[in-house]
Structure formats: structure tokens, C-alpha cells
Amino acid sequence: MSTSRSCRRFYANGSACGVPTTYHDGWCRECDGFTTSTPERSGRTPPPYRFGEIRAVSDIPVRPNDVAEIVCVHRAPLNQFRDRHPGTSYGEADTQIRRLLYDLLRHPADAKATRSVSGQWALTSVRPYGFSVLLTSDGKAVTGYSTKHAERTYAQVKAGVRTRTGTPNSARPGRVGKGLAQRVRDGLVPEDTARAAALEKGEKVAAAFERHLRRALAKREPADTAGEVQGDELREIVTMDPDGTEAAGQPRCGTGGGTTP
Ligand SMILES: [Zn+2]
């Protein structure tokens with residue numbers, strides 16, 4: 001069972017969150033979800049993947065259902081994740097890498113897959129752009145993680161949280177509009193709550209928000225169809241360590257998993 005704990009993330013303006021959350025990645029979805037109070041403390045860039053020779057392929061090595069069953073996440077990608085998003089526990093990193101992988105596999109049209117001559121796979125998200133995982137040739141283990149985003153996690157970008165390191169006005173707190181509409185579309189924020197937030201910011205913003213919302217809801221995906229992972233199965237996949245403790249966040253590999261520093 002999931003237990004509630006305090007969100008350790010930060011608002012864009014640097015203030016700590018602390019509201020209770022049961023999300024396994026530790027983000028309550030109410031604050032902006034930054035893992036550090038200021039952008040300066042995060043964003044160490046992991047080296048990009050360099051395949052000697054690659055070929056673009058369309059086949060994805062494993063299916064969504066395989067993620068919980070066979071995929072283990074090595075220590076290296078967990079460390080790469082934690083370097084990029086400081087303040088994240090091993091358990092939270094594992095959860096978020098699995099979530100990214102799950103989405104990449106479930107929506108292959110939104111992913112780009114390349115394979116090295118030696119057989120390794122690199123899967124990169126296209127929408128939202130710029131999050132990659134590296135897989136072993138059999139697709140059963142994650143051996144690398146990288147992102148082009150300076151500090152935001154996949155979940156943050158997906159939820160429409162704006163960068164703190166881009167254009168100066170992008171760091172303003174209390175964003176409303178396109179990002180909020182996306183969060184409504186993703187089911188993270190109830191429609192009426194979002195409307196109220198927009199109204200509070202003034203009629204011009206509220207009108208703009210309505211336009212974004214109409215567009216976002218029109219794009220809302222249809223309900224899961226038979227054969228896709230859903231409900232409890234999905235929870236199983238994204239669940240690694242409800243408490244997010246370091247000790248419990250060891251790589252969940254059968255044998256030979258991870259390179260412990
Ligand atoms: Zn929070």
C-alpha cells in the first residue's frame with residue numbers, strides 16, 4: 001500500500017513544497033516539482049550516448065508488459081539521473097526511469113529507437129522531446145539515462161512545468177495557460193480547479209486558458225484498450241519503493257545488475 005509522505009520538491013521561485021504525496025517519484029503534482037531550490041545546484045550534464053555506428057530502427061525491443069517483469073535498472077543510469085536531478089533518491093530515480101521507459105514503449109510513435117552495431121538500444125522521447133534510456137541488446141536492462149533538459153524531469157516537462165534556465169520570464173512562478181491545460185489533459189488537475197486558478201489571475205489569462213483547455217481536451221487520448229497495461233499492473237510497473245529510501249532503492253536486477261561504485 002502506498003503511504004503518504006511529504007513532497008520534497010520546490011516551486012519555481014525556490015520555496016519548498018512539503019505537502020503530503022503518495023506518488024512514488026516523490027512529486028505531489030501540486031508544486032512545480034523542481035528537485036532543487038535553484039537551477040544552479042542542478043543540471044550536471046551526463047555525457048551523451050555515443051554509438052560508434054548506429055542504425056535507425058522502428059522495432060522496440062520490449063513491450064510495456066515486460067517492464068516490470070524483466071527490465072532491471074542498473075546503478076549507472078540511477079547515478080546519471082541523480083546527477084542530473086539532484087535531491088532524488090535511488091528509489092525515486094528508479095521509478096522515474098521505469099515510467100519514462102514505459103511511456104516510450106507504450107507510445108512508440110512518440111519515441112525514436114536507434115541501435116548500435118553491437119546491439120545496444122537507445123530510446124529517446126520525441127513528445128516531450130529529449131529524454132533517453134539506453135538498453136542492453138536483449139532489452140532487459142537499462143544501462144544509461146540522459147536528457148537534453150537542463151534540470152526538469154520527464155514528468156515535469158510532460159506536465160508543462162516551464163524551465164528555470166531558459167528565457168528570463170520563463171522562471172516566473174504561478175504559470176497558467178498551456179501548461180495547466182496539459183495537466184488537466186493528463187488528469188493531474190481537475191478542470192474546475194484549473195478554471196478557478198485561471199480566473200484568479202485575471203480575465204485575460206482565463207480567456208487564454210480556456211482556449212488552451214479546449215485544445216488540450218480535444219487531444220485527450222481515448223481510454224486504454226484491451227491488451228494495454230492499466231490499473232494495478234501499471235502501478236506495479238512504476239512502483240519501486242514507496243518510501244523512497246536509499247536502502248530500498250537498490251537496482252532490482254536478478255544477476256549481474258549494476259556497477260556499484
Ligand atoms: Zn510538491
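Cys 72 has its bridge partner in strand 8, and that partner is Ala 141. The pairing belongs to strand 4 (residues 72–73), which runs parallel to strand 8 and is joined to it by two bridges. Keep in mind that this is a predicted model. Its mean pLDDT is 71, with 56% of the residues at 70 or more, so some parts deserve a closer read than others: where pLDDT is low, the predicted coordinates should not be read in detail.

**Strand 8 and its partners**
- Strand 8 covers residues 141–147, and seven of its seven residues are buried.
- Besides the parallel link to strand 4, strand 8 pairs with strand 7 (residues 131–135) in the antiparallel sense, over five bridges.
- Across that antiparallel pairing, Phe 131 stands opposite Thr 147 of strand 8.
- Five residues sit between strand 7 and strand 8 in their hairpin, and Gly 139 there takes a positive phi near 70°.

**Helix 3 and Gln 96**
- Helix 3 takes in residues 90–106, and its length checks out: at 1.5 Å a residue, 17 residues should span 24 Å, and the end C-alpha atoms are indeed 24 Å apart.
- Of those 17 residues, 16 are buried, so the rest of the structure largely encloses helix 3.
- Gln 96 is part of helix 3, and with 26 other C-beta atoms within 10 Å, Gln 96 counts as buried because the cut-off is 20 or more.
- Leaving aside residues up to four places away in sequence, Gln 96 touches Asp 25, Phe 81, Thr 153, Tyr 154 and Ala 155.
- Gly 26 is 70 residues from Gln 96 in sequence, yet their C-alpha atoms are 9.8 Å apart in space.

**The protein overall**
- The protein has eight helices and eight strands.
- Out of 261 residues, 36% count as buried.
- Taking contacts with a separation of 6 or more, 60% of them link residues 24 or more positions apart.

**Where to trust it, and where not**
- Confidence is highest in helix 4 (residues 154–158), at a mean of 93, and lowest in helix 8 (residues 231–238), at 39.
- Residues 221–251 have pLDDT below 50, although the model gives this stretch 52 contacts beyond near neighbours in sequence.
- Residues 254–261 also stay under 50 in pLDDT, and here the model has 13 contacts beyond four places in sequence.

Technical notes:
Residues are numbered from 1 along each chain as its sequence is written. This is a predicted model: local features need pLDDT of at least 70, side-chain atom pairs count only at pLDDT 80 or more; totals for chains, interfaces and linings use all residues. pLDDT is the predictor's confidence in each residue, from 0 to 100. Helices (H or I, at least four residues) and strands (E, at least two) are DSSP runs, numbered from the N terminus. Two residues are in contact if their C-beta atoms, placed from the backbone, lie within 7 Å. A residue is buried if 20 or more other C-beta atoms lie within 10 Å of its own, exposed if 12 or fewer, and partly exposed in between; C-beta atoms are placed from the backbone. Two strands pair if DSSP finds at least two bridges between them. The expected span of a helix is 1.5 Å times one less than its number of residues.
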